[in-house]
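Colleague: I would like a close look at one part of this model, the surroundings of the bound ligands. Please take me through what lines each site.

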Amino acid sequence: MSNIPVVVSGMRPTGRLHIGHLHGALANWVKLQAENTCYFFSADWHALTTNYHDTGVIKTSEREMFADFIAAGIDPERATLFVQSQVKEHAELFLLLGMITPVGWLERSPSYKEIREQITDRELALYGFLGYPVLQTADVVLYKANRVPVGVDQVPHIELAREIVRKFSHHYGEVFPEPLPLLTEAPKVVGTDGRKMSKSYGNAIDLGESPDSTRKKIMGMVTDPARKRRQDPGNPEVCGIFYLHKIYSDAETVKWVDENCRTAGIGCVDCKKKLLEKLAPDQERLRDRREAILARPEDLDELVQLGNRKARTVAARTMDEVRAAMKL
Ligand code: TRP
Ligand code: SF4
C-alpha cells in the first residue's frame with residue numbers, strides 16, 4: 001500500500017463547462033494531481049438521474065468535458081480520466097451498498113429535497129434519483145478515496161458516504177477508508193444576470209467561448225444594480241464584474257477598480273473593457289486547446305479507454321475484497 005492519498009471526483013456530462021467550473025473545481029483538480037493519485041470521471045449514470053428524458057446530450061457533453069479538463073491543465077498521464085458506465089463495478093458496489101443504506105438517510109439529503117422542488121417539469125420521485133448518494137459513495141470508495149474535492153452543495157453527500165462506510169465496516173469489517181470532503185476554495189463567480197453561474201440559469205460564460213461572444217456577454221452583464229448612471233458611485237462587492245477582476249486581473253487593476261468604482265471615477269463600460277483585456281485572451285487560449293483536442297477524437301477516445309482500463313483494474317481488486325468481506 002502506498003501512502004499517496006487517493007483523490008476521486010466526478011462531473012455529470014449534461015452540457016458545456018463554464019468559467020465557474022474552471023475557477024472552482026478544475027483549478028483545484030489541477031493542483032491536486034501533482035501530489036495525489038487522482039481519478040476524475042464522467043458521472044454519466046448520475047446524469048441519468050435527472051436527465052433520463054434527454055440522454056442524447058450525454059456522449060457529446062462527455063467528450064467536450066474531457067477536452068475541457070485537459071485544456072484546463074489536467075494531465076491524463078498523472079490523473080486517470082474515465083467514464084463511470086464503463087466500469088461496471090460501480091453498479092455492483094452501488095447495489096451492495098444499497099442493502100445497508102436506510103431510506104431515511106436518503107430522503108433527508110438536502111439536495112434530494114432541493115432538486116425535487118426546483119425541477120417540476122418531470123417525474124423525480126424515482127428510485128434511481130433517491131439512490132444518487134449511494135452511487136456517489138460507490139464511485140469514491142471503489143478507489144478507496146481519502147479525499148473528494150467538491151463544492152459545498154456536495155458535502156452532505158460525502159458525509160452520507162462516510163456513514164455508509166461506517167455501516168459497512170461495522171457489518172463486514174474494514175475495506176474502505178472514510179472519505180473526507182475536500183472543500184474547494186472557489187472564488188465567487190456569478191453569471192451574466194448576477195445569479196450564481198449555472199448552465200441551468202442560462203447565464204454562463206462557457207469555457208473557451210469565442211472572444212467575440214465572451215465580449216458580448218461581459219458587455220451585457222449586470223453590474224451593481226444601484227449604479228444606474230455613470231456619475232453614481234458603485235459598490236464593487238455586489239458586482240459580478242468585480243469578482244471576475246479578482247480572478248483575471250492583477251492586484252493593481254483590482255485596486256484601481258475598487259477605488260474608482262466607489263468614487264464613480266470609472267464607468268462600468270471602462271471597467272468591463274479592462275476585464276476583457278485579460279479574460280478574452282484567456283478564453284482564446286482555452287478555445288485553441290480544446291479545439292486542438294477535439295480535432296483528434298480518436299486520440300481522446302483512446303486516452304479515455306486507457307483510463308477506463310486503469311480504473312477497472314483498481315475497481316475489480318476492490319470488489320474482490322468486498323465480496324470476500326461479505327462472504328459472497
Ligand atoms: N454529484 C456530483 C455533482 O453533481 C457528481 C459526482 C458523482 C461526484 N459522483 C461523484 C463528485 C463522486 C465527487 C465524487 O457535482
Ligand atoms: Fe461593477 Fe466595475 Fe461597474 Fe463597479 S465599475 S459596478 S465594479 S462594473
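Modeller: What follows goes through the two ligand sites in turn and ends with an aromatic pair. Bear in mind throughout that this is a predicted model.

Start with ligand 1. There are 13 residues around ligand 1, and those that come nearest are Arg12, Tyr132, Gln136, Asp139 and Gln154. Three of these five can be described through their side chains. Asp139 places a side-chain N or O atom 2.8 Å from a nitrogen atom of ligand 1. For Gln154, the distance from a side-chain N or O atom to a nitrogen atom of ligand 1 is 2.9 Å. Gln136 has a polar side-chain atom 3.2 Å from a nitrogen atom of the ligand. With a cut-off of 3.5 Å between N or O atoms, these pairs count as polar contacts. As for cover, ligand 1 taken alone exposes 360 Å², and the protein buries 90% of that.

Which elements build this shell? At least two residues each come from strand E1 (6-11), helix H8 (132-141) and strand E4 (147-150). Helix H8 gives the most, with four residues. By residue class, the shell around ligand 1 holds six nonpolar, five polar and two charged residues.

Now ligand 2. The residues that surround ligand 2 are Thr223, Asp224, Arg227, Cys239, Ile241, Phe242, Val257, Cys261, Cys268 and Cys271. Two or more residues of this shell are given by each of helix H11 (240-248), helix H12 (251-262) and helix H13 (268-294). The shell around ligand 2 divides into seven nonpolar residues, one polar and two charged. Here Cys counts as nonpolar, which matters for reading that division, since Cys239, Cys261, Cys268 and Cys271 are among the residues around ligand 2. As for the space itself, the one taken by ligand 2 is the largest cavity.

Last, the aromatic rings. Over the whole structure, a search finds ten aromatic pairs. One of them joins Tyr112 and Phe129, with 5.5 Å from centre to centre and 35 degrees between the planes, so the pair is classed as tilted. Tyr112 belongs to helix H6 (residues 110-118) and Phe129 to helix H7 (residues 127-130), and the pair therefore ties together parts that are 17 residues apart in sequence.

Terms used. Residues are numbered from 1 along each chain as its sequence is written. Chains are lettered from A and ligands numbered from 1 in the order in which they are written. This is a predicted model: local features need pLDDT of at least 70, side-chain atom pairs count only at pLDDT 80 or more; totals for chains, interfaces and linings use all residues. Side-chain values use heavy atoms; hydrogens and water are left out. A residue is near a molecule or strand if one of its heavy atoms lies within 4 Å of it. A polar contact is a pair of N or O atoms within 3.5 Å; within protein, one must be able to donate a hydrogen and the other to accept it, and residues adjacent in sequence count only if both atoms are side-chain atoms. Accessible areas come from the Shrake-Rupley method with a 1.4 Å probe; for residues, only the protein chains shown count as cover. On a 1 Å grid over the protein atoms alone, a cavity is a set of points where a 1.4 Å probe fits but cannot get out, and a pocket is an open set with protein on both sides within 12 Å along at least five of seven lines; lining residues have an atom within 4 Å of a point. A molecule sits in a cavity or pocket if more than half of its atoms lie within 2 Å of its grid points. Rings of Phe, Tyr and Trp (its six-membered ring) pair if their centres lie within 6.5 Å; planes under 30 degrees apart count as stacked, over 60 as edge-to-face and the rest as tilted.
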